[in-house]
Amino acid sequence: MTNEANRSPDRSHKPRREAAMPFILVAVLIDMVSIGLIIPVLPPLVGTFTGSQADQAFWFGAVMFAFGIANFFGSPVLGALSDHYGRRPVLLIGFCGLAVSFFVTALATHLWMLIAVRLVSGAMQANVAVANAYVADITPPEDRAKRFGLLGAMFGLGFILGPVMGGLLGALDLHLPFYVAGTLALLNWLYGFFVLPESLPVERRRAVDWSRANPISSLKALTRLKGVGLLVVVIGISGLAQFILHTTWVLYTQFKFGWGPSENGWSLFAVGVMSALVQGLLLGRLLKHFSAQRLAVMGLVSSTVCFALWGAATEGWMMYAVIFANVLGFAAAASIQSIVSNAADHRTQGQTMGAVASLNSAMAVLAPVVGAPLLGAVSDLPAGDWRIGAPYYFCSALQLTATLLALRHFRTQREHRLRAATTPSST
């Protein structure tokens with residue numbers, strides 16, 4: 001250990017760090033394909049254990065709640081561990097957790113098994129937070145928005161491939177996508193074990209502070225980062241809207257348009273195409289014309305409008321039209337994330353990204369609690385009724401609130417900078 005710590009960083013780490021971005025992009029792509037595979041089929045699988053649409057919405061919310069609550073408490077711990085032991089071993093834990101989750105879900109014979117395995121996998125899986133910290137390790141602050149956009153593009157590409165495959169496989173057998181997803185997660189573990197390099201040099205690691213490795217302490221630390229302030233609330237509110245969308249999309253389209261796994265797979269394919277196109281190709285160009293702050297606000301405005309339109313849609317094709325119109329909405333998250341990451345010290349990137357993940361996990365906990373009852377309350381309305389869009393009208397209101405708070409935050413930050421520039425420094 002001593003010899004490792006005394007090595008020259010330039011000789012032992014630099015070549016691997018230069019090659020690390022493609023490595024983490026591949027790992028995230030495989031990860032998201034495996035997750036995307038199960039999205040069109042998990043709600044129908046829950047439905048096989050229930051007797052009505054209202055019960056299906058309730059129990060699917062319970063399954064999603066189990067993952068979210070476990071991930072809420074697990075993410076800051078895994079983020080802190082990644083600051084001490086490195087990103088690679090924690091990513092390997094996450095890949096393993098996903099594999100176990102998928103295989104057990106495929107074999108589940110009771111609802112309690114679905115809930116139990118989601119608790120376990122939620123506690124073990126902090127791949128998003130650690131991947132973000134990995135990218136921050138190897139990227140200078142001025143390039144992080146673009147790099148986070150590339151990472152977002154891999155998420156989008158995963159949702160191009162995964163849901164379509166899951167929808168097609170689920171049309172044959174609802175359990176088949178889970179077996180395929182588990183196999184992919186195992187392949188990703190092998191890729192991580194044999195190929196993925198470590199991004200965090202030994203000299204930049206730090207001891208685990210267990211008093212801070214919990215969601216409450218990590219969120220408090222996040223709010224204290226200079227320049228973040230109200231953005232914590234913006235991330236939370238906007239994240240809640242996004243998670244309500246994720247937890248209700250398949251059931252919403254089933255109740256409103258009669259869609260099955262195949263139709264939902266293709267709709268999520270469209271979401272993935274747009275996410276990859278915007279974050280992988282357009283984000284860098286957009287950042288040349290707009291600051292990260294302005295792009296974040298425009299993205300939140302776009303999402304506000306699009307959520308309302310998704311709720312009001314009366315035909316299935318309208319959902320696609322809104323997806324393709326929401327160009328700026330796909331750029332908002334990467335822009336906000338880059339602002340938060342740039343506010344963090346390089347030695348605490350894992351904990352900071354873990355805190356962001358915990359905040360998102362908290363919203364993932366709330367989303368089914370809010371979204372499932374809203375959807376359950378309108379589940380008996382006739383197909384095509386505009387009132388079935390109640391969850392998305394609520395999401396639109398959330399995004400509008402996030403937009404107003406972001407505007408207030410950026411205006412306050414601008415005023416602080418102007419005051420600092422015009423106030424003579426004391427000697």
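**Note on the predicted model: buried charges, ring pairs and core**

1. D83 is buried, with a relative accessible area of 1%. The structure discussed here is a predicted model, and each remark below should be read with that in mind. For R206, the relative accessibility is 15%; since residues under 20% count as buried, R206 is placed in the buried class as well.

2. With what does D83 meet in a salt bridge? Its partner is R206, the two side chains meeting at 4.0 Å from N to O. The pair links distant parts of the chain, for D83 belongs to helix α6 (residues 53-85) and R206 to the loop between α11 (176-194) and α12 (215-223), 123 residues apart. As background, side chains of opposite charge can pair when their charged atoms come close.

3. A salt bridge also joins the side chains of R87 and D137, at 2.7 Å from N to O. R87 is part of helix α7 (residues 87-107) and D137 is part of helix α9, so this pair ties together parts that are 50 residues apart in sequence. R87 and D137 are both buried.

4. D137 takes part in a further salt bridge, with the side chain of R204, at 3.9 Å from N to O. Here D137 in helix α9 is paired with R204 in the loop between α11 and α12, so parts 67 residues apart in sequence are tied together. Both members of the pair, D137 and R204, are buried. Through shared partners, salt bridges join D83, R87, D137, R204 and R206 into one network. In total, the count comes to 5 salt bridges.

5. Is helix α9 enclosed by the rest of the structure or not, and why? Of the 11 residues of α9 (residues 127-137), 10 are buried, so the helix is largely enclosed by the rest of the structure. The buried residues are N127, A129, V130, A131, N132, A133, Y134, V135, A136 and D137. D137 therefore has two roles in this account: it is among the buried residues of α9, and it belongs to the salt-bridge network.

6. The largest nonpolar core has 105 residues, and those with the most contacts inside it are I24, V28, V234, W249, W310, M319 and Y392. Which helix gives the largest share of this core? Helix α13 (residues 231-257) does, with 15 residues. In soluble globular proteins, nonpolar side chains tend to be buried together.

7. M319 merits a separate remark, being one of the residues with the most contacts inside that core. Leaving aside residues up to four places away in sequence, M319 touches W249, Y252, T253, F257, W259, W310 and A313. Several of these neighbours reappear in the aromatic cluster, including W249, Y252, F257, W259 and W310.

8. The whole structure contains 12 aromatic pairs. In one of them, W259 and Y320, the ring centres are 6.1 Å apart and the planes stand at 50°, so the pair is tilted. The two rings come from distant parts of the chain: W259 lies in the loop between α13 and α14 (261-289), and Y320 in helix α16 (residues 316-325), 61 residues apart. W259 is buried, at a relative accessible area of 13%, whereas Y320 is partly exposed, at 24%.

9. Another tilted aromatic pair consists of F307 and Y392, 6.4 Å centre to centre and with 35° between the planes. It too links distant parts of the chain, with F307 in helix α15 (residues 292-312) and Y392 in helix α19 (residues 390-422), 85 residues apart. F307 is buried, with a relative accessible area of 1%, and Y392 is buried, with a value of 0%. Both pairs belong to a cluster in which ring pairs link W249, Y252, F257, W259, F307, W310, Y320 and Y392.

10. An arginine and a ring also come together in this model: R88 lies over the face of F193, at 5.7 Å from the ring centre.

11. The final point concerns S238, a residue of helix α13. At 13% relative accessibility, S238 counts as buried. Which side chain is joined to that of S238 by a polar contact? The side chain of Q399 is, at 3.1 Å. Not counting residues up to four places away in sequence, S238 touches L300, Q399 and A402.

Technical notes. Residues are numbered from 1 along each chain as its sequence is written. This is a predicted model: local features need pLDDT of at least 70, side-chain atom pairs count only at pLDDT 80 or more; totals for chains, interfaces and linings use all residues. Side-chain values use heavy atoms; hydrogens and water are left out. A nonpolar core is a set of buried Ala, Val, Leu, Ile, Met, Phe, Trp, Tyr and Cys residues joined through side-chain atoms within 4.5 Å. Buried means under 20% relative accessible area, exposed over 50%, partly exposed in between (1.4 Å probe, protein chains only). Helices (H or I, at least four residues) and strands (E, at least two) are DSSP runs, numbered from the N terminus. Contact means heavy atoms within 4.5 Å. Rings of Phe, Tyr and Trp (its six-membered ring) pair if their centres lie within 6.5 Å; planes under 30 degrees apart count as stacked, over 60 as edge-to-face and the rest as tilted. A charge sits over a ring if NZ of Lys or CZ of Arg is within 6 Å of the ring centre and within 35 degrees of the ring normal. A polar contact is a pair of N or O atoms within 3.5 Å; within protein, one must be able to donate a hydrogen and the other to accept it, and residues adjacent in sequence count only if both atoms are side-chain atoms.
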